[in-house]
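Trainee: Could you take me through this model with some care, beginning with what has been computed and how?

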Amino acid sequence: MDYQFLKVEHNGGITVMKVSAPKSLNALNSTILKEMDDFIDHLDKATRVLIITGDGEKSFVAGADISEMAHLNEQEGFEFGRLGAQVFRKIELLPTPVIAAVNGFALGGGCELAMSCDIRIASSKAKFGQPEVGLGIIPGFSGTHRLPKLIGQGYAKEMIYTGKVIRADEALRIGLVNAVYEPEELMDKAMEMAQLMLKNAPVAISLAKQSINEGHDLDADGAIGLENKLFGKCFATRDQKEGMDAFLNKRKADFQGE
Ligand code: CO8
């Protein structure tokens with residue numbers, strides 16, 4: 001399907017989705033959020049890794065669209081927030097791994113989009129922040145939930161209360177991103193990481209993702225029990241038979257994702 005604000009490319013099992021609204025530095029309006037929702041719902045079955053990035057050289061996503069939010073009332077604000085939060089939750093729950101390649105501004109809803117992905121890597125020019133309180137609102141696409149989970153309450157509260165914008169090296173230091181690369185290297189590095197994932201068993205990666213995501217919200221016994229159940233499930237897959245047979249016979253595994 002063709003989208004007005006998303007550019008989608010498929011490359012082997014890797015799909016790249018670029019947010020593309022150059023006039024507003026890729027700020028998210030409700031049309032873009034609905035397009036993303038549709039894109040996630042219809043994600044090509046052949047996709048084994050999704051990379052999300054921003055179009056252009058300056059911005060990943062410069063937040064939710066302030067011109068759209070400016071005149072919302074309480075109910076409309078609630079609904080706009082819910083739309084973004086639901087789309088980002090769908091991204092988080094995708095069975096495939098999702099890499100955010102943060103190529104520039106990741107502010108407000110942009111930082112929240114990156115946080116709904118499994119892994120964030122950034123260009124040295126990227127800038128991160130949750131500047132919402134400066135606009136009289138709070139992070140509304142699940143930033144108050146995900147930021148403290150990722151970087152701890154102290155740093156999250158500092159970022160959210162001050163609204164300050166931090167550089168990529170600071171984002172690396174506090175664990176908001178995994179790695180920082182020169183801007184021209186960023187997409188190659190994202191593809192390289194995706195290629196490493198493609199070598200492995202897709203169902204096992206999905207189950208590992210489920211175990212990490214769901215286990216995080218459980219107590220120790222619950223999380224260990226969940227992992228145990230999902231570990232058992234691996235033995236019902238062909239990929240487990242294939243992976244172990246390949247190892248024992250000193251050949252390369254040919255995983256089918258079954
Ligand atoms: N929304 C709408 N338009 C935007 C946005 C945005 N978030 N960001 C940039 N733009 C527009 C600018 O208005 C400008 O448009 P125009 O050319 O028509 O004047 C164009 O993009 C280029 O921007 P600048 O000229 O400002 O470019 P600079 O390089 O000078 O500055 C910045 C870049 C620093 C990124 C600056 O544009 C900026 O501060 N943008 C706003 C960043 C921001 O505050 N983001 C958070 C928004 S709030 C949010 O995301 C809340 C999420 C939860 C919502 C819950 C809903 C209830």
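Mentor: We shall go through strands, aromatic rings and a surface patch in turn.

Mentor: This is a predicted model, in which local features need pLDDT of at least 70 and side-chain atom pairs count only at pLDDT 80 or more, while totals for chains, interfaces and linings use all residues. Residues are numbered from 1 along each chain as its sequence is written, and side-chain values use heavy atoms, with hydrogens and water left out.

Trainee: How many residues of strand β7 (residues 119-123) are buried?

Mentor: Strands here are DSSP runs of E with at least two residues, helices are runs of H or I with at least four, and both are numbered from the N terminus. Buried means under 20% relative accessible area, exposed over 50% and partly exposed in between, with a 1.4 Å probe and protein chains only. On one face of β7 I119, I121 and S123 are buried, and on the other R120 and A122 are buried too. The number of buried residues in β7 is therefore five of five.

Trainee: Which residue in β10 stands opposite A122?

Mentor: Two strands pair if DSSP finds at least two bridges between them. Strand β5 (residues 98-102) pairs with β7 in the parallel sense over four bridges, and A100 stands opposite R120 there. β7 also pairs in the parallel sense with strand β10 (residues 179-181), over three bridges. In that second pairing, the residue opposite A122 is V180.

Trainee: How far apart in sequence are the parts that the pair of F88 and F141 ties together?

Mentor: Rings of Phe, Tyr and Trp (its six-membered ring) pair if their centres lie within 6.5 Å, with planes under 30 degrees apart counted as stacked, over 60 as edge-to-face and the rest as tilted. A search of the whole structure finds three aromatic pairs, and the one between F88 and F141 is edge-to-face, at 5.5 Å centre to centre and 80° between the planes. Because F88 lies in helix α3 (residues 74-93) and F141 in the loop between β8 and α5, the parts tied together are separated in sequence by 53 residues.

Trainee: Is F231 buried or exposed?

Mentor: F231 and F235 form an edge-to-face pair, 5.1 Å centre to centre with 70° between the planes. F235 has 37% relative accessibility and counts as partly exposed, whereas F231, at 52%, counts as exposed.

Trainee: What is the relative accessible area of I137?

Mentor: I137 is placed in the loop between β8 (127-129) and α5 (143-151). I137 is partly exposed, and its relative accessible area is 35%.
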